Amino acid sequence: MNADEIRQLAPTAREDIVDAIVRLWPEAEAAGIATPLRVQHFMAQLATETGGFSLTEENLNYSAARLRAVWPSRFPDDALAADYEHQPQRLANFVYANRIGNGPPESGDGWRYRGGGLIQTTGRENYRAAGFEDDPDALRRDPEMGFRAALEYWTRRDCNDFADADALEPLRRRVNGGLNGIDDARRYLARAKRIWPVDGIRDYSPDEVVEEVRRVQQALWDKGYAMVGARDGKYGRNTRDALNALRADNGLPAEQRHIITDSDLRALFAGPERPVSEARAATTAGDLRAAGSRTIRGSDIAAGGAVATGAVTVVGQIAEHANSVAQAAEPVQRAIGPLRAIWSAIGDLWWIVVPVTLVAVVVGIWMIRRARVDDQRSGRHA
């Protein structure tokens, strides 16, 4: 779970609530909220209860019309609803009286134990179970406490079972006691299914697929799975092979279909760098040459060219001083003619051109070989 995912679900989410969820998410996983369906439903319900993660306390400042819609059995007519509109404390003491562990209206329990936290824990009974009976304001004041209370309620009420069945309405009744907010819950759940998909990228639009594959390819490359090749947004054999290498390193099953699962993403973005064996970490240029590395072979050819350049220099000097011999022997003249032509082109600057060229070639060869060996040792090369 990361902050960007939460903001995709609820763009107006408060920073302190986002931070609390991200920081405490390992506790959610420990509570069993570790499959895509469970994450989808848990986050959708919390977003519904908190107005998109923007509040940690129930808003009871209702109009008469809203009171009749939310509590039709308690406000059967307009007159009674009008008597309680825009009176949050009086309303809470009335609608929450004598239930969920609360006393009568005059006890003040309804207001004291009004909805709070990220799942809107309500009633003395639920505050007691969450450990906040003596300090109910702490649950409403601190997003971390509110998140932990939500986990306690979710676990105690077996909400994972409803999430596993993808049963939104029964789950909504479990969380809310009714179907209030069901439209918001549907909207958040539809969004959550795109953010934390069950079947990976197959549920995305074509444009989203390209961007998601490109994001995954870049992450694979950064983690050391260089066989992924080009980061072009196309899911081909190289991408599949890189993903299967990631899966093997993280104990996940290989997959031949073109999908990226939630488990893959967790391993990719939250898992360790690609492990490198001791043998690979100790690779030398000689090892790569023996294995047929084209890069090392190319550097060998370049080294040969440097040797040849040095030879041309030496032979050119010899040829220059052997001019009289060449004139006396026509076959020798024909043999050293090309070398003398090269040397004549360099002219008097040979003592600058040749050493600089040789140094440049040697340094280039050394850098190429070092980069190739480093890539092999770090796992950055296939």
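A salt bridge is taken here as a side-chain nitrogen of Lys or Arg within 4 Å of a carboxyl oxygen of Asp or Glu, and by that criterion the structure, which is a predicted model, holds 23 salt bridges. Side chains of opposite charge can pair when their charged atoms come close. Several of these pairs are described below, after an account of the chain as a whole and of its largest pocket.

The protein chain contains 22 helices and zero strands. Of its 382 residues, 40% count as buried, and the accessible surface of the chain comes to about 19600 Å², with 54% of that area belonging to carbon and sulfur atoms. When contacts in the chain with a separation of 6 or more are considered, 55% of them are accounted for by residues that stand 24 or more positions apart.

The largest pocket encloses about 990 Å³ of space, and its lining is made up of 39 residues, among which Glu 49, Glu 58, Tyr 96, Asn 176 and Asn 180 lie nearest the centre. The elements that give two or more residues to this lining are helix 3 (36-49), helix 4 (64-70), helix 8 (124-130), helix 10 (143-156), helix 12 (168-176) and helix 13 (182-195). Helix 12 gives the most, with five residues. In terms of residue type, the lining of the largest pocket divides into 12 nonpolar, 15 polar and 12 charged residues.

Among the salt bridges, one is formed between Asp 78 and Arg 68, whose closest N and O atoms are 2.8 Å apart. Asp 78 lies in helix 5 (residues 78-84) and Arg 68 in helix 4, so the pair ties together parts that are 10 residues apart in sequence. With a relative accessibility of 53%, Asp 78 counts as exposed, whereas its partner Arg 68 is partly exposed, at a relative accessible area of 31%.

A second salt bridge joins the side chains of Asp 264 and Arg 247, with an N to O distance of 2.7 Å. This pair links distant parts of the chain, as Asp 264 is placed in helix 16 (residues 262-270) and Arg 247 in helix 15 (residues 237-249), 17 residues apart. Asp 264 is buried, with a relative accessible area of 2%, and Arg 247 is likewise buried, with a value of 1%; both residues receive this label because buried means under 20% relative accessible area. A further salt bridge brings together the side chains of Arg 124 and Glu 133 at 2.8 Å, N to O. Arg 124 and Glu 133 also belong to a network of salt bridges in which they are linked with Asp 109, Arg 112 and Arg 128.

Two residues other than glycine stand out for their backbone geometry. His 86 has a positive phi, near 55 degrees, and is placed in the loop between helix 5 and helix 6 (88-95), where its relative accessibility of 48% makes it partly exposed. Asp 166 also has a positive phi although it is not a glycine, with a value of about 55 degrees. The loop that holds Asp 166 runs between helix 11 (159-164) and helix 12, and Asp 166 is partly exposed, with a relative accessible area of 37%.

Asp 166 is also one of the residues touched by His 41, a residue of helix 3 that counts as buried at 1% relative accessibility. Leaving aside residues up to four places away in sequence, His 41 touches Trp 154, Ala 163, Asp 166, Ala 167, Leu 168, Leu 171 and Leu 189. His 41 and Tyr 188 are 147 residues apart in sequence, while their C-alpha atoms are 8.8 Å apart in space.

Another such pairing along the chain involves Gly 364, which lies in helix 22 (residues 350-378). The C-alpha atoms of Gly 364 and Ser 299 are separated by 8.6 Å, although the two residues are 65 residues apart along the chain. Gly 364 is partly exposed, with a relative accessible area of 26%.

Notes
Residues numbered from 1 in each chain as written. Predicted model: local features only at pLDDT ≥ 70, side-chain atom pairs only at ≥ 80, totals over all residues. Heavy atoms only, no water. Helix = DSSP H or I, 4+ residues; strand = E, 2+ residues; numbered from the N terminus. Buried < 20%, exposed > 50% of the residue type's maximum accessible area, 1.4 Å probe, protein only. Contact = heavy atoms within 4.5 Å. Areas by Shrake-Rupley, 256 points an atom, 1.4 Å probe, with all protein chains shown as cover. 1 Å grid on protein atoms, 1.4 Å probe; cavity = no way out; pocket = protein on both sides within 12 Å on 5 of 7 lines; lining within 4 Å. Points joined across faces, edges and corners; volume = space filled by probe spheres on them. Nonpolar A, V, L, I, M, F, W, Y, C, P; charged D, E, K, R; others polar.
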